Amino acid sequence: MKTLLNENFAGFDVGMFSADVGPHTEYHFMSKATPKNGWGVACFGSGRTGAGAAWHITEEAGRKAMTQTHVSEWPHTHPMVTAGEPLWGDYTLTVRFRTDIQSGRCGVIVRYHNNRCYTFFGLEGESLILRQVHHEKKFRVPDETELASIVCAWKTGKEYTARVTVAGSRIEASIEGLGSLEGTDDTYAQGKIGLLSDGPASFFSAAVVAEESSVEQFATMRSRQERELDELRAGYPRPVLWKKFSTPGYGVGRNLRFGDLTGDGQIDIAIGQMNGHGDRTGYNEVGCITAVNLDGDVLWQSGKPDPEKYHLTNDVAFQVHDIDGDGRNEVIYARDFELVIANGATGQVKNKIPTPMAKPPVDRYPRILGDCLFFCDLRGLGRAGDIVIKDRYWHFWVYNDKLELQWEGECNTGHYPYAFDVDGDGHEELAMGYSLFDHDGTLMWSLKDQIADHADGIAIADWGEKPGSQPKILYSASDDGMLLVDLEGNILKHHHIGHAQNPVIGKFRTDLPGLQAVTINFWGNQGLLHFYDGEGTIYHDAEPVNLGSMCLPINWTGQEPELFVLSPNPTYGGMFDGWGRPVVMFPDDGHPDMCNAVMDLTGDCRDEVVVWDQNELWIYTQDDGPLSGRLYKPTRNSFSNSSNYQASISLPGWSDE
């Protein structure tokens, strides 16, 4: 037998192991939330029933332990940490542990495929259980298969040794002094190991051993995988630094807006800090706004910068857009209970009105602060001259370009809307949450009573999987997974994959017809990617790292297919292909990696990557450019509708079309 893992946590520092980052890692890369000493937090939740920042390294009588400290009541996700290699096949796991609470489950994981699919062995209630865990049957109802169980008299506060051997489809598991179980399951042939507990428990050691033949097989597969990945990476241009500058005192997290502010044909940046007023669910607004060009020169500033106000965990009402159609961009924002249109070049106020009167339940103040801004063409102008502003989840208002109220609506708004001319009458319709509103505010249909959680992202596009195909609506439905809906409101697909968000649609594989889509999970099962074909069927999943991300499409080569950026981190990030492989890596050169955005800045159709944190901003381009000739040039979302919850759409096109 050979040892693959031998852990007693002696090399860990006593203290919190889970990074207390919460919603920041929905769309910010936070290095402190990545694995430490080979162990990573695979799941965390929020609120009364979630796991929170649950894991700590503790020490008792000179012996350290990985300790879970919170009580989680969620049935569909469980606090867990993982270690090892995804390619591990046949092995034996031995874990010494103690649980201090009778409720929930506590034990070990083998054949970990992802944080929603694995084999669990351990204690639950009055039983010793061997269970295969899948996704969900429906909203927060787990899909699990019990392979074997026995009733046993285990005690809280007593240490036990769990031992699990996986060999092919055969599983043998035992806890010393409590009993043994056997089961057969061939769902997953490989996977990491993990520790799981719904309540306070301490894990003192974990060891993995395997037969020499199994270790050799694993080494061969890993070597082949690494060689294939190196070959793939050699076919892509590498990122090289193009520009960089600092943002002293006025920098921020993911709250940059891009657009030509001065009218010189070049992209500029509006940087918006945030003023928080307590409860993040409804009482935040944009603070200081600083306009800069791509050399970092400050064009103007509105408000007083505060280096402590770079944190952002939700949208605020703040955009760059040519609202009046005169060919020059304005900066539109809500601040101090006013909706403001400002000159993009100078920041001078052109027009403003009071924000809408607040309505329960988000009525701490007489008027709303503004959760986000969205521009669309409801009046049939041929341009996005209408403004939508909303509170957090309940109400929205529509204004024209002169800030005159047109109509207002109420529904489960979700985070960010989408607009599309559904009936071909020249007026866009507004998809707000799971409701579709006609251009005049008439409710056309709603799925609000059929979907249990709010919409985290909405995309409407013709996926083009076959001749005569029609546009479809993709919803990332938070804990209710992913939905594919036709324009009449009929649900075509419903995947119960956990807390799905930040969907992206683009051409990520040339061997599949039509377009493909990717979603990423967060709360309760962060970092899990799902890949969909043109009919909305899942064809692949991956879990590169347990963090959230925007998954922005990137035209890196000027040819099909596109890639998507997971994060700019040189170890855990990169540009991924339609199989979830990191085929382009960022250099380890000290660049900021908290946030990123994608756009063509050099003019050769291909995208650059803007990366930043609160202190500085860097821009990467390709090492083989700029290019000329016929190049891939997809049609993307407007810069004017930027959101931390946006659905990104990248429709195929070429530079000579």
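Here is a short conversation about two residues and one helix in a predicted model.

Biologist: Happy to look at this with you; what should I know about the numbering and the cut-offs?

Modeller: Residues are numbered from 1 along each chain as its sequence is written. Because the model is predicted, local features need pLDDT of at least 70 and side-chain atom pairs count only at pLDDT 80 or more, while totals for chains, interfaces and linings use all residues, and side-chain values use heavy atoms, leaving out hydrogens and water.

Biologist: Which residue has a side chain joined to that of Thr67 by a polar contact?

Modeller: Thr67 lies in strand E5, residues 63–68 (strands are DSSP runs of at least two residues, helices, H or I, of at least four, numbered from the N terminus). Thr67 counts as buried, because its relative accessibility is 9% and buried means under 20% relative accessible area, with a 1.4 Å probe and protein chains only. The polar contact (N or O atoms within 3.5 Å, one able to donate a hydrogen and the other to accept it; residues adjacent in sequence count only if both atoms are side-chain atoms) is 3.0 Å long, and the partner is Ser202.

Biologist: How far apart are the C-alpha atoms of Ala334 and Gly370?

Modeller: Ala334 sits in strand E23, residues 330–335, and is buried, with a relative accessible area of 0%. Along the chain, Ala334 and Gly370 are 36 residues apart, yet their C-alpha atoms are separated by 6.1 Å.

Biologist: What span should helix H1 have?

Modeller: Helix H1 covers residues 212–234, which is 23 residues. The expected span is 1.5 Å times one less than the number of residues. The end C-alpha atoms are 33 Å apart, which agrees with the expected 33 Å.

How values were computed:
Buried means under 20% relative accessible area, exposed over 50%, partly exposed in between (1.4 Å probe, protein chains only).
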